[in-house]
Amino acid sequence: MATEVHMHGRIGESIKRKEDGRFLRGKGNYLDDIDLPAMLHMVILRSPHAHARVKSVDTAAASAMPGVIAVVTGELMAQHKLAWMPTLSYDTQAVLATDKVRFQGQEVAAVVAETKAQAEDARDLIVVEYDVLPAVISPQQAKEAGAALIRDDKENQRDNHIYHWEAGDQATTQAAFAKADKVVRLHTFYPRCHPAPLETCGCIADVNGATGKATIYMTSQAPHAIRTVFALVTGLPEQNIRVISPDIGGGFGNKVPVYPGYVVATAASLLIGRPVKWVEDRNENLISTGFARDFHMTGDLALDKNGKMLALRVHLDSDNGAFFADAQPTKFKAGLFHIVTGSYDIPTAHVTADGYYTNKAPGGVAYRCSFRVTEASYLIERLVTNAAIELGMDQAEFRMKNFIQPEQFPYHSATGWEYDSGDYPRAMNVALEQLGYDEMRKDVEARRKKGEVTGIGIASFTEVVGAGHGAEYDILGLRMFDSAELRVHPTGKAMLRMGTKSQGQGHETTFAQIVTEELGIPAADVAVEEGDTDTAPYGLGTYASRSTAVAGAATAMVARKLRDKARKIASHLLEAAEEDLEWENGRFYVKGSTDRAKTIQEIAFAAYSNIPEGMEAGLEGVHYYDPPNMTFPFGTYAVVVDVDKGTGQVKVRRVVAVDDCGVRINPMIVEGQIHGGLAEGYGIAFMELITFDAEGNCIGSNFMEYLLPTAWETPRFELGETTTPSPHHPLGAKGVGESPTVGSPAAYVNAVMDALAPYGVTNIDMPVTSDKVWAALRAAGVTE
Ligand code: CDP
């Protein structure tokens, strides 16, 4: 009869991460751990110039080197119609250069050899003759009359402009501005930065000449989408392509695009008939793979005399690099930037965006961000703080006055969003209380009287995560749904496979917890597998914090399907009508007779041994979930800083971060996500800088110059939470992974701007380094 039920790992429990057993023991299986028999190694020769015509490529000396199997050039790739490939934004990108190089670090040739060292030695002997051309390194330069034409490979391309895109309503916005008592403007630049995952990008292509099967091990956040793109690019039948994403050491958006190295390694394996491994080094990762941001933004906020927001007008110029390779939903050229009205009830808004080619590596990946939401959040939160300072109003009070109110949800924003749920005043109040805001403000005033430079910054961000729904959101026409397949074995243990792919976010734990909650099988008994396109159901992958919102929902739905079947089996086993059964804690019992029960484990066994007449055997299913809407997580971050007047050094004294991501599946994992994102936000706000000199040389191509925060620099974080469930997600959950990276840079910078407000400083673009702060203080006449 009814056995004991044990449902360890339900939603809301901070169980330890299942995957950490292997990671902590150094037993993860990353791409570079994989060694196949007869495997060759490939390295890539990259352009030293940002813009140059390729006159000739001489491979004779390299080809003669010991161990070298092949030297691949653009010309050779062109013979196989593979010198160019499509990007995820309907542009084309050079695989290996044939006509010109268009950014420093662009792929020019590749060497395949028995060992990596042999390939590297041979690479040094390839002789490329270049005719150097003037480099274009900013959108401002790109639009100048007479600017060098970067994409002369494209038939109808006469200038460096890629796209123009608009959202909102120009006429009503103009009318609102005409009536405004005050307009506050902020022009700011969100600089180019790099996701810089610990593990760089790479692949092993293994094309079997006998079967025609191409198995490609790859550091990909979206293995199924890559399989489809590969089938389209190479012409290989899709069933003969197997993409396997093994353990991944961080992605943050860097591992979404298709990189030329993947295509060259696959072509080389196909032609040579042996597996080919390509793993880029740190420098290659930093100079050539998906950069993020690089948005030049101007925001105007129209206000009435009481400080009520009337309208928002935004223009941005996006620096997309040499190829438009962003992964954006097809309809949205500037990504989801039009969430720029943020947490505020702004009656009307108008957003215009223009994208430009420059001689830089293709940019625009959503670094821990849903397609440009980070830039939008930064702009509105910086603008709001500046407006409060200009109005002489308290930053918190000004926000409170203009927040969308809880009773306004579902809220229709001026740029076309339907926000699912939110309670912004509550999140702000929790943060202010946790910080001790009123006391802290008094303390700031007292310190200022003593000549100290100190300030408080607030950011009350709203973002949008969980793309689709599929009718609105697609990449290359592939609708943004996601999937889960659940198989319960006769002994009551289960296997869950999904179309997403963890890069360290703990999916093996949290998605098992969803099965525990919905089907009663303990999390320890649910194996979660992602990343193998031969076994996992089709999905669009993990980026933009979409896994919980979409694949998490798919998991709940498939578990519910199985529970429905389990009910039928229980009814058969208990000889009771289905309607007379209650479900509780992993078992069905007969109403009014709680000891007449069958656990899910007993039912699972029966599914293979004792099913009712006419029922299919087994307990398994699949669900493809197309969400009805995005989810809109939010929060308030408050930061206190002290600035050293003598050196301009900024010291972060307090960081309070209150997040609302709806129902939390595993609170510990959520907190880990927030800690990581706040650290990344700190790096972006204060340290990380990838820039280019006038010739287009990339400055910031190694970790000596591109400074990531370590535990030494990273401040202490004080977390808080509120819970406002998503009304349309089956578990009430919203995504969280990117929230802290999206929300925190503005909070850090706002704190510095608050500190510098008495000196009339209104903006310093990120990274807010000591030299910039020092110069701003000196310009304001501070001499100490
Ligand atoms: O797509 P990605 O996994 O990067 O982001 P996410 O869906 O925000 O999830 C990050 C991690 O936090 C996953 O392990 C989630 O299951 C977990 N999470 C959670 O436990 N509760 C939430 N409400 C949101 C995420």
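Guide: Before the cavities, a word on classes: Ala, Val, Leu, Ile, Met, Phe, Trp, Tyr, Cys and Pro count as nonpolar, Asp, Glu, Lys and Arg as charged, and the others, Gly among them, as polar. The model is predicted: local features need pLDDT of at least 70, side-chain atom pairs need 80 or more, and totals for chains, interfaces and linings use all residues. Residues are numbered from 1 along each chain as its sequence is written, and side-chain values use heavy atoms, without hydrogens or water.

Visitor: How many cavities of 30 Å³ or more are there?

Guide: A cavity is a set of points on a 1 Å grid over the protein atoms alone where a 1.4 Å probe fits but cannot get out, and its lining residues have an atom within 4 Å of a point. Points are joined across faces, edges and corners, and the volume is the space filled by probe spheres set on them. By this rule there are 7 cavities of 30 Å³ or more.

Visitor: Which residues line the largest cavity?

Guide: The lining consists of L88, A222, A225, I226, V229, V256, V258, I475, L540 and Y543. By class, this lining has 10 nonpolar, no polar and no charged residues. The largest cavity holds about 80 Å³ of space. Helix α7 (residues 223-234) gives the largest share of its lining, 3 residues; helices (H or I, at least four residues) and strands (E, at least two) are DSSP runs numbered from the N terminus.

Visitor: Why is the second largest cavity said to lie between two domains?

Guide: Domain bounds come from an automatic or database assignment. The second largest cavity lies between domain 2 (34-133 + 200-248 + 255-288) and domain 3 (291-467 + 629-770) because both give residues to its lining. That lining includes Q93, Y259, T289 and P362, and it divides into 6 nonpolar, 5 polar and no charged residues. The volume of the second largest cavity is about 70 Å³.

Visitor: Which residues lie nearest the centre of the second largest pocket?

Guide: A pocket is an open set of points with protein on both sides within 12 Å along at least five of seven lines. In the second largest pocket, Q649, V650, K651, Y682 and E713 lie nearest the centre, out of 17 lining residues. Two or more lining residues come from each of β31 (650-660) and α17, and β31 gives the largest share, 3 residues. The lining has 9 nonpolar, 5 polar and 3 charged residues, and the space in this pocket is about 420 Å³.

Visitor: Which residues come nearest the ligand?

Guide: A residue is near a molecule if one of its heavy atoms lies within 4 Å of it. There are 22 residues around the ligand, and Q505, H507, S547, T548 and V736 come nearest. A backbone N or O atom of Q505 is 2.7 Å from a ligand oxygen atom. A ligand nitrogen atom lies 3.1 Å from a backbone N or O atom of K734, and a polar backbone atom of C661 is 3.3 Å from a nitrogen atom of the ligand. For reference, a polar contact is a pair of N or O atoms within 3.5 Å.

Visitor: Which elements give two or more residues to that shell?

Guide: They are α14 (507-519), α15 (547-574) and α17 (667-686). Of these, α17 gives the most, with 3 residues. By class, the shell has 7 nonpolar, 12 polar and 3 charged residues.

Visitor: What is the peptide bond from F409 to P410?

Guide: That bond is cis, with omega near -5°, and P410 sits in the loop between α11 (395-402) and β18 (411-412).

Technical notes:
A polar contact is a pair of N or O atoms within 3.5 Å; within protein, one must be able to donate a hydrogen and the other to accept it, and residues adjacent in sequence count only if both atoms are side-chain atoms.
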